[in-house]
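Reader: I work mostly at the bench, and I would like to learn how to read a fold from its model. Could you take me through this one step by step?

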Amino acid sequence: MPPPRTREKALRHRLAELRGPEVQAKALDARALAALAANPGCRRRAILDGAGVNKAVLADALGSPSVFGQSQFAFVRGNAFEAKVKADGGTELLRLAHEKLDRAAEPPADARVPDLTAQGPQGRTARTELALREATEAPGTWTLLDHPMLALDVAGSPAFLEPDAVVVHPDGSWTVVEIKSFPMLDGAADPAKVGAAARQSAVYVLALERVAARLDPAPRVRHRILLVCPKDFSNLPTASAVDVRKQRAVTARQLDRLTRIEEIADTLPEGTCFSPELPAERLAEAVESVPATYAPECLSACELAFHCRDRSRAQGAVTRLGRPVRAELGGLTTVGDVLAAARGEAGDPDDPAVAALRRAAALRAEALEAAAPEVAPCP
């Protein structure tokens with residue numbers, strides 16, 4: 001077996017070939033990792049994300065443009081709100097952290113905001129780890145890390161993550177800060193948006209835990225993150241403490257289940273490339289060479305969802321009906337198989353799924369027969 005450095009270099013070269021030598025790699029972020037963890041069985045997304053393929057550009061080249069993503073207006077509004085929250089050395093942000101998470105500590109006066117500037121993601125990751133170590137070794141003070149850089153191994157490939165902020169408390173513990181532009185109305189925000197923010201923050205918590213494990217003694221990474229949002233319909237910041245232990249556990253388990261990127265790459269035909277510069281037919285053939293696990297939830301999480309949905313429909317796959325339906329159907333993987341089993345034309349009668357389908361078909365037939373109006377004979 002070749003040494004780790006040689007294997008890592010070979011993998012990087014292979015992923016560059018898959019992406020296309022002229023295409024700039026798209027870095028994985030926490031949002032993408034959270035979506036990947038929600039569908040760990042999708043080998044297509046795993047290899048495309050691992051290779052740094054821009055799936056939005058790929059979807060356009062395949063003729064199935066994506067509408068997934070944040071609007072330019074929301075992006076600008078979010079940046080403006082984040083700048084307001086972090087103004088004056090993060091005074092307001094630290095006040096909210098003290099109020100919502102650590103009232104027993106001294107109020108944040110003269111907090112430290114270290115410079116995290118460094119060359120490249122590896123340099124920024126090392127600088128962040130040094131700043132965290134220095135802050136932890138200075139008890140009694142508050143420290144705010146603005147846009148630190150964290151690293152997390154995902155299926156054998158490193159991902160560099162950039163949370164909005166990390167707060168180091170006077171007791172040396174660490175808290176992830178997530179700043180969003182959706183409002184909190186009467187102290188509560190949209191549960192779906194809060195859930196998405198919690199899943200994203202859980203990825204940052206996992207990455208912070210990796211850093212903490214390398215320190216001696218290991219500092220505590222808090223599992224309650226600080227979610228900062230506009231208050232009501234104003235631009236004034238307010239915050240809520242969100243417990244992400246459940247999301248952290250699920251994300252860690254799902255990321256561990258991901259097939260290693262090199263294993264997927266080794267199964268691809270020689271010469272496979274996902275460059276959007278390729279002819280549409282050849283590009284579609286390359287994408288279809290990697291199996292996907294489509295579900296309706298992909299429409300809100302993946303740029304390739306429309307392409308995969310079209311293929312799922314063409315194949316008659318039951319996955320397009322949703323994961324709960326797919327789980328109930330057992331070994332019946334296509335709509336044709338399901339209909340044939342319901343009509344009694346195929347399937348094992350002792351299979352619970354087949355028996356349930358036939359019973360449902362019989363009940364439907366009885367209901368239609370009973371509801372059918374009597375047809376008067378022609379005079």
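Author: Gladly! Let us begin with pairing: two strands count as a pair if DSSP finds at least two bridges between them. Please keep in mind that this is a predicted model.

Reader: Thanks. How many bridges join β5 to β6?

Author: Strands of a sheet pair through backbone hydrogen bonds, either parallel or antiparallel. Here β5 and β6 run parallel and are joined by three bridges. One residue pair to look for is Glu-178, whose bridge partner in β6 is Leu-227.

Reader: And how does strand β6 run relative to β7, parallel or antiparallel?

Author: Those two are antiparallel, with seven bridges joining β6, residues 224–230, to β7. To see the register, find Ile-225, which stands opposite Val-242 in β7.

Reader: In what order do the strands of the open sheet come?

Author: Follow β1-β4-β5-β6-β7, five strands in an open sheet with mixed pairing. At the edges are β1 (143–146) and β7 (237–243), each of which pairs on one side only. From one strand to the next, the twist averages 25°.

Reader: Is β6 enclosed or exposed, and how would I tell?

Author: Count its buried residues, where buried means under 20% relative accessible area. In β6, six of the seven residues are buried, so the strand is largely enclosed by the rest of the structure.

Reader: Which helix lies across β5, β6 and β7?

Author: That is α5, residues 72–85, and the helix runs at about 115° to β6. While you are there, find Ala-80, which is in helix α5. Ala-80 is partly exposed, with a relative accessible area of 47%. Its C-alpha atom is separated by 9.6 Å from that of Asn-235, although the two residues are 155 apart along the chain.

Reader: Let me try a side-chain pattern. Which residues of β3 point to one face and are buried?

Author: The general idea is that in a regular strand the side chains alternate between the two faces of the sheet. In β3, residues 157–161, Ser-157, Ala-159 and Leu-161 point to one face and are buried. Pro-158 and Phe-160 point to the other face and are not buried.

Reader: What does β3 pair with?

Author: Its partner is β2, residues 150–154, and the two strands pair in the antiparallel sense over five bridges. Ala-151 stands opposite Phe-160 in β3. The hairpin of β2 and β3 has two residues between the strands, and in this hairpin Ala-155 takes a positive phi near 55°.

Reader: Now to helix packing. At what angle do the axes of α2 and α3 cross?

Author: Angles over 145 degrees count as roughly antiparallel. The axes of α2 (residues 30–38) and α3 (residues 43–50) come within 10 Å and cross at roughly 155°. That makes α2 roughly antiparallel to α3. The crossing of α2 past α3 is left-handed. On the α2 side you will find Ala-32, Ala-35 and Leu-36, which meet Arg-45, Ala-46 and Asp-49 in α3. By class, this contact has four nonpolar, no polar and two charged residues.

Reader: How do α2 and α8 cross?

Author: Here the range to remember is 65 to 115 degrees, which counts as roughly perpendicular. The axes of α2 and α8 (residues 191–213) come within 8 Å and cross at roughly 100°. The two helices are therefore roughly perpendicular to each other. Ala-30, Arg-31, Leu-33 and Ala-34 of α2 make this contact with Arg-199, Gln-200, Val-203 and Tyr-204 of α8. Sorted by class, the contact of α2 with α8 has five nonpolar, one polar and two charged residues.

Reader: Which residues of α3 are buried?

Author: They are Arg-44, Arg-45, Ala-46, Ile-47, Leu-48, Asp-49 and Gly-50. Seven of the eight residues of α3 are buried, so this helix is largely enclosed by the rest of the structure. Just after α3, look at Gly-52, which takes a positive phi of about 75°.

Reader: Last one: how many helices and strands are in the chain?

Author: The chain has 15 helices and seven strands. Its C-alpha trace spans about 95 × 55 × 40 Å along the principal axes. Of the 379 residues, 43% count as buried. Among contacts with a separation of 6 or more, 64% come from residues 24 or more positions apart.

Notes. Residues are numbered from 1 along each chain as its sequence is written. This is a predicted model: local features need pLDDT of at least 70, side-chain atom pairs count only at pLDDT 80 or more; totals for chains, interfaces and linings use all residues. Side-chain values use heavy atoms; hydrogens and water are left out. Helices (H or I, at least four residues) and strands (E, at least two) are DSSP runs, numbered from the N terminus. Axes are lines fitted to C-alpha atoms, for helices over the stretch in contact, and angles run from 0 to 180 degrees between N-to-C directions. Contact means heavy atoms within 4.5 Å. Angles under 35 degrees count as roughly parallel, over 145 as roughly antiparallel, 65 to 115 as roughly perpendicular and the rest as oblique. A crossing is left-handed if the near helix is turned anticlockwise from the far one by less than a right angle, and right-handed if clockwise. Ala, Val, Leu, Ile, Met, Phe, Trp, Tyr, Cys and Pro count as nonpolar, Asp, Glu, Lys and Arg as charged, and the others, Gly among them, as polar. Buried means under 20% relative accessible area, exposed over 50%, partly exposed in between (1.4 Å probe, protein chains only).
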